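Trainee: Could you walk me through this one? I have it open and would like to start with the side chains before we turn to the strands.

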Amino acid sequence: MKLIQGIHHISMNCAKGAEYEKVLTFYRDILGLAVVREWDGGVMLNAGGTLLEIFPNGDYVREKGAIRHFAFAVSDADACAKAVTDAGYEVFIAPKDICIASEPPLPARIAFCRGPLGEEIEFFCEK
């Protein structure tokens, strides 16, 4: 029996106020993720096959966790990189073609940026 059906959501924390608005602007307005539900303590955005949940839990010190990065399946990695660069965010791996040496091989076009909380985001376009 298969217990895991997929990823339901990815959860992120940020500070209230300006940081929360910056995070919402990045994911909702720059990357175009639609708001699915919103409440006093957070928001869920539609990220395709999963949800992105953002909690403005107040001020705190963030430490690097176990998640290395998360990847969005995209149709155009270059357009995603341009959108975040135009908005003033760092693209630390410019769009490039790769081929994961798996069996079978997985060709893709990728780019990486840092989001408003310092999170690493990969734009992954399978070819």
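Mentor: Bear in mind that this is a predicted model. A good place to start is Arg 114, whose charged end sits over the ring of Phe 92, 4.2 Å from the centre of that ring.

Trainee: Okay, and how many aromatic pairs does the structure hold?

Mentor: There are six aromatic pairs in the structure. In one of them the ring centres of Phe 26 and Tyr 89 are 4.5 Å apart and the planes stand at 65°, so this pair counts as edge-to-face. It links distant parts of the chain, since Phe 26 belongs to helix H1 and Tyr 89 to the loop between helix H2 (77–86) and S6, with the two residues 63 apart.

Trainee: Are Phe 26 and Tyr 89 buried or exposed?

Mentor: Phe 26 is buried, and Tyr 89 is buried as well. Another edge-to-face pair is made by Tyr 27 and Phe 72, with 6.5 Å from centre to centre and 65° between the planes. This pair, too, links distant parts of the chain, with Tyr 27 in helix H1 and Phe 72 in strand S5, 45 residues apart, and both Tyr 27 and Phe 72 are buried.

Trainee: Which residues form the aromatic cluster, then?

Mentor: One aromatic cluster is formed by Phe 26, Tyr 27, Phe 70, Phe 72 and Tyr 89.

Trainee: Back to the helix for a second: which residues of H1 are buried?

Mentor: In helix H1, which covers residues 18–30, the buried residues are Tyr 20, Val 23, Leu 24, Phe 26 and Tyr 27. As background, an α-helix has 3.6 residues a turn, so residues three or four places apart point the same way. Just after H1 comes Gly 32, which takes a positive phi of about 80°.

Trainee: Switching to strands, what is the order of the open sheet?

Mentor: Four strands form that open sheet in the order S5-S8-S7-S6, and the pairing within it is mixed. Strand S5 (70–73) and strand S6 (91–100) are at the edges and have a single partner strand each, so one side of each is left without a neighbour in the sheet. On average, neighbouring strands of this sheet are turned by 25° against each other, direction ignored.

Trainee: And in which sense do S7 and S8 pair?

Mentor: Strand S7 (residues 106–114) and strand S8 (residues 120–126) pair in the antiparallel sense, over seven bridges, and Ala 108 stands opposite Glu 126 in S8.

Trainee: What about the peptide bond between Glu 103 and Pro 104?

Mentor: That bond is cis, with omega about 0°, and Pro 104 lies in the loop between S6 and S7. For context, most peptide bonds are trans.

Trainee: One last topic: what does S4 pair with, and in which sense?

Mentor: Strand S1 (residues 9–14) pairs with S4 in the parallel sense over six bridges, whereas strand S3 (residues 42–46) and S4 run antiparallel and are joined by four bridges. Glu 53 in S4 takes part in both pairings, being the bridge partner of Ser 11 and also the bridge partner of Met 44.

Trainee: How many residues of S4 are buried, and what sits in the hairpin with S3?

Mentor: Strand S4 (residues 51–56) is mostly covered, with five of its six residues buried. The hairpin of S3 and S4 has four residues between the strands, and there Gly 48 takes a positive phi near 85°.

Terms used:
Residues are numbered from 1 along each chain as its sequence is written. This is a predicted model: local features need pLDDT of at least 70, side-chain atom pairs count only at pLDDT 80 or more; totals for chains, interfaces and linings use all residues. Side-chain values use heavy atoms; hydrogens and water are left out. Buried means under 20% relative accessible area, exposed over 50%, partly exposed in between (1.4 Å probe, protein chains only). Two strands pair if DSSP finds at least two bridges between them. Axes are lines fitted to C-alpha atoms, for helices over the stretch in contact, and angles run from 0 to 180 degrees between N-to-C directions. Rings of Phe, Tyr and Trp (its six-membered ring) pair if their centres lie within 6.5 Å; planes under 30 degrees apart count as stacked, over 60 as edge-to-face and the rest as tilted. A charge sits over a ring if NZ of Lys or CZ of Arg is within 6 Å of the ring centre and within 35 degrees of the ring normal.
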